[in-house]
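Me: Please take a close look at one part of this model, the surroundings of a single residue and the helix that holds it. I should like a connected account that also places this part within the whole chain.

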Amino acid sequence: MSVSPSAEPTLWELHRAVSQLREDLRGDLAQLAARLDQVVTQDVYRADQRATEQRIGQLESSVADLRGEQEQAAGRWEQQRREDQRQADAMRRLVLSSFVSPLLIMVVQLWLLSGGSAS
């Protein structure tokens, strides 16, 4: 079995094939270079992750501080509400003792006077 001379490519065809391979390789290398521009090293990635974790830690700390302040404010508010309630109760007792008690004593004195003069 011999190969006919017409089955082998000519030098010009080989030249075109190599040129085409070169162009394809250049395009592929350009695409690879573009993708490599978007890639970061592991060190940079780890540093970014550490910075992100630090920011998250700071935010968690801030949230915990705000929660503590809110709980303290709620406690102060509740204490103020109880104090206001005590003052309102004291004011009611004062009103009762200032106005109702003298009227009651006067009614009792009038009753005693009217009962004493009738005898």
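Reply: Met91 lies in helix α2, which covers residues 42-118. The model is a predicted one, and every value below is computed from it. With a relative accessible area of 48%, Met91 counts as partly exposed. Met91 belongs to a nonpolar patch on the surface, together with Leu94, Val95, Leu96, Phe99 and Val100. The accessible area of these residues together is about 590 Å².

Helix α2 also carries charged pairs. Arg86 and Glu83 form a salt bridge, with N and O 2.9 Å apart. These two residues are three positions apart in helix α2, so about one helical turn separates them. Both partners are partly exposed: Arg86 has a relative accessible area of 49%, and Glu83 one of 31%. Another set of salt bridges with shared partners links Glu78, Arg81 and Arg82 into one network.

In that network, Glu78 pairs with Arg81, and their closest N and O atoms are 2.7 Å apart. Glu78 also pairs with Arg82, at an N to O distance of 3.9 Å, which falls within the 4 Å cut-off for a salt bridge. Along helix α2, Arg81 is three residues from Glu78, about one turn, while Arg82 is four residues from Glu78, again about one turn. The three members are partly exposed, with relative accessible areas of 27% for Glu78, 39% for Arg81 and 41% for Arg82. In total, the model has five salt bridges.

Val107 is found in helix α2 too. Val107 is exposed, at a relative accessible area of 52%. Between Val107 and Glu60 there are 69 Å from C-alpha to C-alpha, for a sequence separation of 47 residues.

The whole protein gives the setting for this helix. The protein has two helices and zero strands. Its radius of gyration is 49 Å, well over the 14 Å given by the globule rule for 119 residues, so the protein is more spread out than a compact globule. The C-alpha trace spans about 160 × 30 × 25 Å along the principal axes. Of the 119 residues, 0% count as buried. The protein exposes about 11,300 Å², of which carbon and sulfur atoms supply 60%. Its side chains include 14 positive and 17 negative ones, and the centres of the two sets are 9 Å apart.

Conventions
Residues numbered from 1 in each chain as written. Predicted model: local features only at pLDDT ≥ 70, side-chain atom pairs only at ≥ 80, totals over all residues. Heavy atoms only, no water. Patch = residues over 30% accessible without salt bridge, like charges linked within 9 Å, V, L, I, M, F, W, Y side chains within 5 Å. Areas by Shrake-Rupley, 256 points an atom, 1.4 Å probe, with all protein chains shown as cover. Salt bridge = Lys/Arg side-chain N within 4 Å of Asp/Glu carboxyl O. Buried < 20%, exposed > 50% of the residue type's maximum accessible area, 1.4 Å probe, protein only. Rg over C-alpha atoms; globule rule 2.2 N^0.38 Å. Lys, Arg positive; Asp, Glu negative; His and termini not counted. Charge placed at Lys NZ, Arg CZ, Asp CG, Glu CD.
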